[in-house]
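Q: Please take one part of this model and look at it closely, for someone who has not seen it before. Go from strand to strand where you can, and then say how the part sits in the rest.

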Amino acid sequence: MPALAPTAYPDAISIAESCMSTTKSSAEFDRKFLPHLDAAYNLARFLMRNAHDAEDVVQESYLRAFRAFSGFRGEGSRQWLLTIVRNTSFTWLRDNRSRGGHTEYQEELHVSGDANPETQSIRRERSRAVEHCVEQLPADFREAIVLREMEELSYREIAEITGVPAGTVMSRLARARARLAECLKGSAHDLR
Amino acid sequence: MTCDEVKPLLNARMDGEIDAIESAAVDAHVESCPSCAVEMEAIGSVRAAIRDEMRYHQAPAHLRERVKSALRGAEYLEGSARRTNWKTWGAIAAVLVLTVLGATPFLMNARNQRQLVADELLSAHVRALLGRELDVVSSDQHNVKPWFNGKVPFSPQVTDLSAEGFPLEGGRLDYVGGHRVAALVYGRRLHRIDVFVWPSDRQTAPPSHFERDGYNQISWTKNEFVFTAVSDLNAAELNTFASLLKRP
């Protein structure tokens, strides 16, 4: 008597699997990519320079990522998402879909644990100066700075995301920092 | 190493991007070269300033919900596309047959284009149902119309149809085919009707009638604007609604 193999009802099994596959893959997508929402937003926020556009770009990027998910190799999900975010941001900037204008500086987010109000206000001045100088940079310099200093990615990783050789990343960072040094020197407070 | 060799490497040295041997050579030079030392210090203080002072922008809480509901909307549409897979295969077969017969590819392109716009409108409508708030909430056409000023490069006609049983609820901005379009929102009992409006020279209009997954779309052109009403309302009532808006 033949043993009753688990594949006795291949149809039932494959039907059940195909029903589950949608939920499974979207749960997997959420698990892989939602943890990088802050990184996605931060990059978009610096590239678009205002909160509204950054949110729209992030939403569109997640939808693009979702549609392309089947082609995702399964490694480096943050980098993969950031690549989509920067491409979407640059498309928006190029097509002039940006609403422009800078979002007001949000004071409350900058209050540090330091109780001394004078120190706090100096800190705020400095933060403002740094943020201002970064916003003045051309978008591809700004992008290199954010990916390097905030996401702590290597030159090679940044090169992959931005689609330029590592040597270009190196020179963009060097020029971006030189400009920042110049801009900060011009700001009211000495940084040291 | 000379200054000219060392200077381009200073950033990479600070970022830990050059190997140990090269790093040692750069360091040795910097130690004996005041000009390079000044430059290295400048790079160091810029890096410190950025790391200490640049604020990491955290995603606002509502963005997470917004992204999730957009994803669920996309998933829903993808699922429904899979359910009607045989239609896609039918369409591919039809394209092949027509191409073999030498039908003009341009006609197919135009048709596909219209279909794509219809799909995009449906997905925008579903996304909105899944949780996007209205950008302007008002039943007064005199509030809704001026709200679009400066947000879309045209001035959409806004008609209140409360008297006819289709109260205006408000409006929002949407993106269709890479363009910003106006979306006017009307109610009908518990149903919601989105009316997408854009200038007819801006982009393709969807087919005049389109139906999928229980959603109906009616599209028409009036005064050089393309109007498309999308809703899960039944086709007859949506037709009534459209004919009210079509009135001169």
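A: A hairpin is formed by β2(B) and β3(B), with two residues between the strands, and Gly177(B) in its turn has a positive phi of about 55 degrees. Strands here (E, at least two residues) and helices (H or I, at least four) are DSSP runs numbered from the N terminus, and two strands pair if DSSP finds at least two bridges between them. The model is predicted, so local features need pLDDT of at least 70 and side-chain atom pairs count only at pLDDT 80 or more, while totals for chains, interfaces and linings use all residues. Residues are numbered from 1 along each chain as its sequence is written, and chains are lettered from A and ligands numbered from 1 in the order in which they are written.

Eight bridges hold the antiparallel pair β2(B) and β3(B). Within it, Leu173(B) has Ala182(B) of β3(B) as its bridge partner. On another side, β2(B), residues 168-176, is joined to β1(B) by two bridges, again running antiparallel. There the bridge partner of Val137(B) is Gly170(B) in β2(B).

Going the other way, β3(B) (residues 179-188) pairs with β4(B) (residues 191-199) over seven bridges in the antiparallel sense. Leu184(B) has its bridge partner, Val195(B), in β4(B). From β4(B), seven bridges lead on to β7(B), and these strands run antiparallel. Trp198(B) stands opposite Val226(B), a residue of β7(B).

β7(B) is in turn paired with β6(B), antiparallel and over seven bridges. Thr228(B) in β7(B) stands opposite Ser219(B). β6(B) and β7(B) form a hairpin with two residues between the strands, where Asn223(B) takes a positive phi near 50 degrees.

Put in order, the sheet is open and has seven strands, β1-β2-β3-β4-β7-β6-β5 of chain B, with antiparallel pairing. The edges are β1(B) (136-137) and β5(B) (209-212); each has a single partner strand, so one side of each is left without a neighbour in the sheet. Helix α9(B), residues 235-246, packs on the sheet and touches β3, β4, β6 (215-222) and β7 (225-231) of chain B. Its direction makes about 20 degrees with that of β6(B). Touching here is contact, meaning that the C-beta atoms of two residues, placed from the backbone, lie within 7 Å. Axes are lines fitted to C-alpha atoms, for helices over the stretch in contact, and angles run from 0 to 180 degrees between N-to-C directions.

How enclosed is β7(B)? Six of its seven residues are buried, so β7(B) is largely enclosed by the rest of the structure. A residue is buried if 20 or more other C-beta atoms lie within 10 Å of its own, exposed if 12 or fewer, and partly exposed in between, with C-beta atoms placed from the backbone. For the whole of chain B, 29% of the 248 residues count as buried.

The sheet belongs to a chain with nine helices and seven strands. Of the contacts in chain B with a separation of 6 or more, 55% are between residues 24 or more positions apart.

Chain B also meets chain A, with 29 residues from chain B and 36 residues from chain A taking part. On the chain B side, the elements giving two or more residues are α2 (10-14), α4 (34-53) and α5 (61-83). The residues of that side divide into 14 nonpolar, six polar and nine charged. Here Ala, Val, Leu, Ile, Met, Phe, Trp, Tyr, Cys and Pro count as nonpolar, Asp, Glu, Lys and Arg as charged, and the others, Gly among them, as polar.

One meeting of helices is that of α8(A) and α4(B), whose axes come within 9 Å and cross at roughly 80 degrees. They are therefore roughly perpendicular, a term for angles of 65 to 115 degrees, whereas under 35 is roughly parallel, over 145 roughly antiparallel and the rest oblique. Arg177(A), Leu180(A), Ala181(A) and Leu184(A) make this contact with Ala42(B), Ile43(B), Val46(B) and Ala49(B). By class, the contact has seven nonpolar, no polar and one charged residues.

Met170(A) lies in α8(A), which covers residues 166-186. Leaving aside neighbours within four places in sequence, Met170(A) is in contact with Tyr155(A), Asn11(B) and Ala12(B). Met170(A) is buried, with 21 other C-beta atoms within 10 Å.
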